[in-house]
Amino acid sequence: LLVDKGNYRHFMAKEINEQPEVVSHTLANYLDMATAQVRFPDLGLDLAQISRVTISACGTAYYAGLVAKYWIERYARVPVDIDVASEMRYREAPLPENGLAVFVSQSGETADTLATLRYCKANKQRIASIVNVRTSTIARESDAALPTLAGPEIGVASTKAFTCQLSVLACLAIAIAKARGAITKEQEIALVTALTEVPRHIAAILRQDEIYLSVAQELAKARDVLYLGRGSSFPIALEGALKLKEISYIHAEGYAAGELKHGPIALIDENVPVIVVAPEDDLFEKTVSNLQEVAARGGQIILISDAAPEKAGCTPAAHIQMPKIDSFIAPLLYAVPIQLIAYHTAVQIGTDVDQPRNLAKSVTVE
Ligand code: G6P
């Protein structure tokens, strides 16, 4: 299989820019666009009877699963247990009757994820996997393989596979919510309609390039960077920190905004940029108060938000303006600026963006 970079300098840039198209393809596979309803494949168990969802994955795929925990618990009202596969495989978690186990993997070959899948299978869970490589081992060993239609991902740092994983997981959350009667038909239509608007919003985000160049210039000088988010933006903060570490080698940490005062606030000074993932949702005010704690200590804030900067109650060093959207789809959109920040910072520093040192695209050893 031959994939080239087209007119892009790196595969990563190409893959970031493919997102409107591949997210759209992926969504079309799980939604009925005409009626704005979910059209989810049969998982071989009654979704209304699921007692618990257990999600396991590694790396970026794990953060997609963590977003799904927020979605499934909030909209479907089903408890979700999630862990990185390397922990889940050995902690001998008791698994319930009528449990659904979900595995998320771009390659479908990650050793720890596969081992956890086998554990869950041996413990009588229904196995659904969200995979990008349809012929992979994880896909083959699952009761239901739910493809992401991202196309081949070459850059070691995952981008388009992540937003496609989120797309499938969002549809799964709606499908479970619908089956359990946890949402009304009107709510289903509203959630699906919001999802169908994601590709158009991502395309708009991708058109604003300049802000990322100036943010990257600042970040390239930093030794440490902190990412904060709350609710479903917390996994996006974690993913942002992972992306930056992976390709720019700058130390970065993602933190739940509310945990700031339990430790990382000790690190804040004018040399530590703080990237805040803050859609104007029902938790926005809480995040704003964390932001002010950062500002009061001289931290440089890079705000990613749809809210006007005045609402943040401080003057951010940079403000990445996001579109106004239903907060359900925020993780899908806010994933994009954090990819662009990492990408442009790495380019600025001059690292090998597509093949960062010490990392592999697929980890088939323990
Ligand atoms: C490696 C890759 C990551 C990926 C992780 C899980 O660490 O570098 O980009 O998120 O493995 O891989 P998977 O193929 O299971 O999604």
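In this predicted model, the ligand is surrounded by 16 residues, of which G59, T60, S105, S107 and T110 come nearest. Helix α3, spanning residues 59–76, supplies the largest share of this shell, namely three residues. By character, the residues of the shell divide into nine polar, six nonpolar and one charged.

**The sheet**

Five strands form an open sheet in the order β4-β3-β5-β6-β7, and their pairing is parallel. The edges are occupied by β4 (80–84) and β7 (144–147), each of which pairs on one side only. From one strand to the next, the twist averages 20°. In general, the strands of a sheet are paired through backbone hydrogen bonds, in either a parallel or an antiparallel sense.

Within this sheet, strand β3 (residues 52–57) pairs with strand β5 (residues 99–105) in the parallel sense, over six bridges. One of the residues involved is T54, whose bridge partner in β5 is A101.

**A pair of packed helices**

Helix α2 and helix α9 pack against each other at an angle of about 170°, and their axes are 8 Å apart. Angles over 145 degrees count as roughly antiparallel, and α2 is therefore roughly antiparallel to α9. The table lists the residues through which each helix makes the contact.

| Helix | Residue range | Residues in the contact |
|---|---|---|
| α2 | residues 19–30 | Q19, P20, V23 and S24 |
| α9 | residues 198–207 | V198, P199, I202 and A203 |

The residues of this contact of α2 with α9 divide into six nonpolar and two polar, with no charged residue.

**Residue S158**

S158 is situated in the loop between β7 and α7, the latter comprising residues 160–179. Is S158 buried or exposed? A residue is buried if 20 or more other C-beta atoms lie within 10 Å of its own; S158 has 28 C-beta neighbours inside 10 Å and therefore counts as buried.

Leaving aside neighbours within four places in sequence, S158 is in contact with T60, Q106 and E153. Of these contact partners, T60 is also among the residues that come nearest to the ligand. With R140, S158 has a separation of 18 residues in sequence, and the two are 22 Å apart in space, C-alpha to C-alpha.

Methods
Residues numbered from 1 in each chain as written. Predicted model: local features only at pLDDT ≥ 70, side-chain atom pairs only at ≥ 80, totals over all residues. Near = placed C-beta within 6 Å. Helix = DSSP H or I, 4+ residues; strand = E, 2+ residues; numbered from the N terminus. Nonpolar A, V, L, I, M, F, W, Y, C, P; charged D, E, K, R; others polar. Pairing = 2+ DSSP bridges. Axes fitted to C-alpha atoms, helices over the stretch in contact; angles between N-to-C directions. Parallel < 35°, antiparallel > 145°, perpendicular 65-115°, else oblique. Contact = placed C-beta atoms within 7 Å. Buried ≥ 20, exposed ≤ 12 C-beta atoms within 10 Å, placed from the backbone.
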